[in-house]
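Here are some short exercises to work through with the model open beside you. Try each task before reading its solution.

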Amino acid sequence: MSQSTKLTYLFLLVFTISLTGISTVEAEISSYACVNAELQEINPSSIGIDEEFTLGINLESCGTKTPEDVTFEIISIPSDIIVTENLVTKVSKLTYSTSERYLIYHMRTTPDAKPGPHLIKMKLTYANKPVETEKYYEVEIRVIGEDAEPRISSVETSPEYIYEGDTVDLRLGIENYGEAIAKSVSVNLDHDFKGIKTSSIGTLGLNESQTALFKFKANRSGEFEIPVIIEYEDDFGKQKNEYDINVTVLDKKGNLNLASVKVDPVLPYMGDTVELTMRIENSGDRTINSIRAYADHPFKGLKESFIGTLDPNEDGPAVITFIADQSGEYEIPVIITYSDDFGEEQIETKINLIVLETNGGAGRAAIVLLVLAVIGGLIYTNYRTKKSKDEVIRQLMEGSGNHPDNKEE
């Protein structure tokens with residue numbers, strides 16, 4: 001074989017091998033795996049709170065080669081959505097006869113699920129030589145909600161008729177008229193009295209009612225419009241509603257008063273030991289505790305007396321003993337204090353006291369004679385008045401009998 005013939009055959013062999021290689025590469029490129037995940041359905045389309053629903057996913061082959069080692073998984077789900085199936089699904093070979101290509105997830109929203117959009121994130125992985133392919137998807141689940149509506153259903157006070165100075169127990173009935181559960185319910189009173197202004201109820205179910213309790217001191221009389229603020233949470237988050245209640249406080253000053261004062265001796269002299277007895281009366285309709293009387297006198301001795309508890313229409317003595325070491329006329333301030341649910345209250349008054357300068361017998365006798373003379377004068381005046389009245393009556397009677405028409409003929 002000639003040299004030129006050999007070269008020709010060698011050229012043809014190389015050309016044939018080249019053509020064969022190109023066909024192999026093109027065949028590899030034209031044959032590839034491809035998978036897509038498609039949302040098939042959300043059933044029902046409107047998802048409420050604490051409700052079951054299903055999510056359907058369809059895996060579709062989009063290449064010319066049968067996909068292998070396919071993995072579909074849910075990688076992120078909101079905390080208020082529960083999935084009952086496994087979150088990871090593996091398919092060794094994805095064909096049209098493969099049942100795993102239709103994925104159905106049974107889910108449920110929790111009782112405290114929040115309304116609004118919820119994103120479920122998913123990941124699809126499959127073999128695609130020479131590298132592995134990953135695709136990511138998001139599905140939006142929209143949770144619908146309802147409104148709660150806690151409102152005031154009743155107002156009660158104890159006592160029913162409130163007087164100035166009373167301690168009042170206020171009971172507000174709160175009822176949920178809405179279509180959703182009201183959570184974290186708290187009731188606030190915007191009043192200016194001393195006392196409790198906030199009451200926490202907690203949770204109110206549908207058509208459920210509870211009582212909010214308050215206590216305050218009605219320290220002044222009048223007509224009061226008190227704002228009531230109800231704060232709560234429903235399907236749409238934190239809410240606040242405001243209402244008004246009317247409270248009437250009748251005009252009635254302090255329930256304690258100084259009923260009587262007794263000084264022994266009545267007219268003390270300088271140097272005498274004096275016993276001052278003040279009777280404190282409870283003229284109200286409620287029991288009053290921890291009652292004390294304080295007499296701010298300038299003498300040596302006791303200034304305070306503890307009475308304790310007085311029931312309605314009851315009185316008790318406050319006895320204070322001191323030595324009248326100064327003479328003169330004194331206006332002694334007296335402070336009566338007592339305690340109730342909101343601290344210490346007080347009532348102020350005054351009493352007058354005369355301390356004579358000397359304790360001589362003649363002076364005392366003169367005072368006694370003076371008192372007796374006054375008493376005697378009052379008795380004599382009363383006697384003379386009565387005698388004059390009797391004389392007038394007698395004369396009228398006699399005059400009636402001596403009338404000319406009554407004379408005998």
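Keep in mind throughout that this is a predicted model.

**Exercise 1. Two partly exposed aspartates**

Task: Find out where aspartate 50 sits and decide how accessible aspartate 50 is.

Solution: Start with the location: aspartate 50 belongs to the loop that runs between β1 (35-43) and β2 (52-61). Next, check the backbone, where phi of aspartate 50 is positive, about 55°, although the residue is not a glycine. Finally, look at the accessibility. Aspartate 50 has a relative accessible area of 35%, and values between 20% and 50% count as partly exposed, so aspartate 50 is partly exposed.

Task: Do the same for aspartate 69: in which strand does aspartate 69 lie?

Solution: Aspartate 69 is part of strand β3 (residues 68-76). Its phi is near 50°, again a positive value in a residue other than glycine. With a relative accessibility of 47%, aspartate 69 counts as partly exposed.

**Exercise 2. Cis peptide bonds**

Task: Locate the peptide bond from serine 158 to proline 159 and state its omega.

Solution: First find proline 159, which is placed in the loop between β9 (150-158) and β10 (162-163). Then read the bond that leads from serine 158 into proline 159: omega is near 5°, and the bond is cis.

Task: Now turn to the bond between aspartate 264 and proline 265, and say where proline 265 is found.

Solution: Omega is about 0° here, and the bond joining aspartate 264 and proline 265 is cis. Proline 265 lies in the loop between β18 (256-264) and β19 (273-282).

**Exercise 3. The surroundings of valine 83**

Task: Is valine 83 buried or exposed?

Solution: Begin with the strand: valine 83 is in β4 (residues 81-83). Its relative accessibility is 18%. The cut-off for buried is under 20%, so valine 83 is buried. Then list the neighbours: leaving out residues up to four places away in sequence, valine 83 touches Ile77, Tyr105, His106 and Met107. As a last step, consider glutamate 52, which is 31 residues from valine 83 along the chain; their C-alpha atoms are separated by 9.9 Å.

**Exercise 4. The whole chain**

Task: How many helices and strands does the protein chain have, and what share of its residues is buried?

Solution: Counting elements gives 2 helices and 25 strands. Of the 409 residues, 33% are buried. Turning to the surface, the accessible area is about 25000 Å², with 51% belonging to carbon and sulfur atoms. For the contacts, take those with a separation of 6 or more: 63% of them are between residues 24 or more positions apart.

Terms used. Residues numbered from 1 in each chain as written. Predicted model: local features only at pLDDT ≥ 70, side-chain atom pairs only at ≥ 80, totals over all residues. Heavy atoms only, no water. Helix = DSSP H or I, 4+ residues; strand = E, 2+ residues; numbered from the N terminus. Buried < 20%, exposed > 50% of the residue type's maximum accessible area, 1.4 Å probe, protein only. Contact = heavy atoms within 4.5 Å. Areas by Shrake-Rupley, 256 points an atom, 1.4 Å probe, with all protein chains shown as cover.
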